[in-house]
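Q: I am new to this structure and would like a close look at one part of it. Please take me through that part step by step, then show me what surrounds it.

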Amino acid sequence: MFNFLALAPIGLMAAAPGGAAPQPSAPMPTAISDSATELNVLHWWTSTSERAAADHVAARMAELGLRWVDGAVAGGGGGPAIKVLNERTLRGMAPKVAQLNGQATIEWAEMGLLLELDGVAKRRQWARTMFPQVIAQLNVREHVVAAPLGIHRINNLYLNKAVFRRLKIELPTTWAGLQSAALVLRAAGVTPVAFSDEPWQVATVFETLLLAEAGPALYRRMVEQRDPQAFNDASVERAFQRLRDWRNLAAGPVERPWTALVADFAAGRSAMLIMGDWARGELGTLGLEGGRDFACQAVPGTTGVHQFSIDTLAMLAGNYAAQAEQEKMAELLGSATLQLGYNRIKGSVPVRRDVPVDELDLCAQQSYQLFANPATARVPSLVHRMAFDEVGKNAFIETVHRFALDPKQTPAAAQRKLQGLLRALGPKSLKPTP
């Protein structure tokens, strides 16, 4: 029997700082379908492109006689969805399938709540066809516990080519060039930078800047080893200052959904954007193509580095009544055809090494080839659950967010707060990302 009470600390710690029990961000279902062919899927893909990608999976499932019962929970970064998943599981109403990425997957697997997919992985030769870094994310105690969908690159800088062309500005590749371009953009009435004060978005920008200032080796010490001494480095203070400078190039930042930033960028109301490549999927729904309409470059200082997150769906074990259908779905998710169709819509890239990515746009091809190159420094995203557990991730986001909203807090003070946070969290207890 599963110890559902063990989930309580996860849900409570993931709640607001006041310590209140988590409140679901979507209506609680009154029942879970008993049909063997129906799989209730809890996830946080709710933008136009994300919804289209999920619909693509649902359509392919239908061809196999499986029905995707949608359990989408709105809220950027997945925090609200995780809270709903916690509460549903505590009530004995867990979905059959849930989006669980990175360290969150490990936490749930360690509690024995996830179906092991070893048979699927062996039959479909996942160890041979998928990138080793992906397989490592799926393995907990020598068992495969989730099915991967796509790889996102986080350290992307998007530039609206039409705006730069109209104002006769060369596409910048350095921080100095970005600052110079911002002056021209602002003088022309264009907001230089699309930026939101939504906590997870602020922290996402910051972790790319931290990578830029620290470099991949020191960044790994920070986010994988949780080494407080690594945060003594001057690069941390520089990253906080860079965050403040970048935010100041926006038009009075407020909390806005990431889709609103993408819409502003697509319309030319803003010219530059730092965001994971889910933004590229959304730009596609607005008629823009990567490489043609917008440039997708590495954040300055991170060229040749792939800061990644991996989307995965885990099968909840429950009473194992739906195991056959869950395994059938997992096989589909890992297939080459599904991988290509899903990632073309979502903006991410396939987890397989044998997919013809020439069918993807130029930006996706660049991301895929970079990840596939053995010489590439691949580093995990902290904000998107690849390195920290849910509690540590939330605390990191809160620390960075408070700095962004408090102009009186110095970068040096914020650096000390991060050090204190790392000491409070203690040494790394979960497995490191390869």
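In which helix is the place of Phe-206? Please start there and work outwards.

A: Phe-206 has its place in helix α10. A word on the model comes first. This is a predicted model. Its average pLDDT is 89, and 90% of the residues score at least 70. Two stretches call for care. Residues 1-34 have a pLDDT below 50, and this stretch has 60 contacts in the model beyond near neighbours in sequence. Residues 429-434 also have a pLDDT below 50, with 19 contacts beyond near neighbours in sequence.

Now the setting. The protein has 434 residues, and 60% of them count as buried. It contains 18 helices and twelve strands. Take the contacts with a separation of 6 or more: residues 24 or more positions apart account for 79% of these. The exposed area is about 16,600 Å², and carbon and sulfur atoms supply 54% of it.

Back to Phe-206. Is this residue buried or exposed? Phe-206 is buried, because its relative accessible area is 0% and the cut-off for buried is under 20%. Set aside the neighbours within four places in sequence. Phe-206 is then in contact with Ala-239, Phe-240, Leu-243, Phe-396, Val-400 and Leu-418. One of these, Leu-243, is 37 residues away along the chain. The C-alpha atoms of Phe-206 and Leu-243 are nevertheless separated by 6.0 Å.

Another contact, Phe-396, deserves a closer look. A search of the whole structure finds eleven aromatic pairs. Phe-206 and Phe-396 form one such pair, with 6.0 Å from centre to centre. Their planes are at 45 degrees, and the pair is tilted. The angle is neither under 30 degrees, as in a stacked pair, nor over 60, as in an edge-to-face pair, so the pair counts as tilted. Phe-206 lies in helix α10 (residues 199-223), while Phe-396 lies in helix α17 (residues 390-405). The pair therefore ties together parts that are 190 residues apart in sequence. Phe-396 is buried too, with a relative accessible area of 1%.

The rings go on from there. Ring pairs link Phe-206, Phe-240, Phe-388, Phe-396 and Phe-403 into a cluster. Phe-388 in this cluster also has a charged neighbour. The charged end of Arg-226 sits over the ring of Phe-388, 4.5 Å from its centre. A comparable arrangement involves Arg-378, which lies over the face of Phe-371 at 5.4 Å from the ring centre.

Next comes Leu-421, a contact of Phe-396. Leu-421 is found in helix α18, which covers residues 411-425. Its relative accessible area is 12%, and Leu-421 is buried. Leaving aside neighbours within four places in sequence, Leu-421 is in contact with Ala-395, Phe-396 and Thr-399. Leu-421 and Gly-392 are 29 residues apart in sequence, yet 8.4 Å apart in space, C-alpha to C-alpha.

Two further features round out the view. Start with the disulfide. A disulfide is a covalent bond between the sulfur atoms of two cysteines. A search of the whole structure finds one. Cys-296 and Cys-363 form this disulfide, with their sulfur atoms 1.6 Å apart. The link of Cys-296 and Cys-363 is left-handed, with -95 degrees about the S-S bond. Cys-296 lies in strand β10 (residues 294-298) and Cys-363 in helix α16 (residues 362-372), so the pair ties together parts 67 residues apart in sequence. Both ends are under cover: Cys-296 is buried at a relative accessible area of 15%, and Cys-363 is buried at 3%.

Helix α15 is the other feature. It covers residues 336-346. Its buried residues are Leu-338, Gln-339, Leu-340, Gly-341, Tyr-342, Asn-343 and Lys-346. What covers these includes the helices α2 (48-63), α13 (278-285) and α14 (323-333). The strands β6 (147-153) and β11 (305-315) are also among the cover. Just after α15 comes Gly-347, which takes a positive phi of about 100 degrees.

To return to the starting point: Phe-206 sits in helix α10. Phe-206 is buried, and its ring belongs to a cluster with Phe-240, Phe-388, Phe-396 and Phe-403.

Methods. Residues are numbered from 1 along each chain as its sequence is written. This is a predicted model: local features need pLDDT of at least 70, side-chain atom pairs count only at pLDDT 80 or more; totals for chains, interfaces and linings use all residues. Side-chain values use heavy atoms; hydrogens and water are left out. Rings of Phe, Tyr and Trp (its six-membered ring) pair if their centres lie within 6.5 Å; planes under 30 degrees apart count as stacked, over 60 as edge-to-face and the rest as tilted. Helices (H or I, at least four residues) and strands (E, at least two) are DSSP runs, numbered from the N terminus. Buried means under 20% relative accessible area, exposed over 50%, partly exposed in between (1.4 Å probe, protein chains only). A charge sits over a ring if NZ of Lys or CZ of Arg is within 6 Å of the ring centre and within 35 degrees of the ring normal. Contact means heavy atoms within 4.5 Å. Accessible areas come from the Shrake-Rupley method with a 1.4 Å probe; for residues, only the protein chains shown count as cover. A disulfide is a pair of cysteine sulfur atoms within 2.5 Å. pLDDT is the predictor's confidence in each residue, from 0 to 100.
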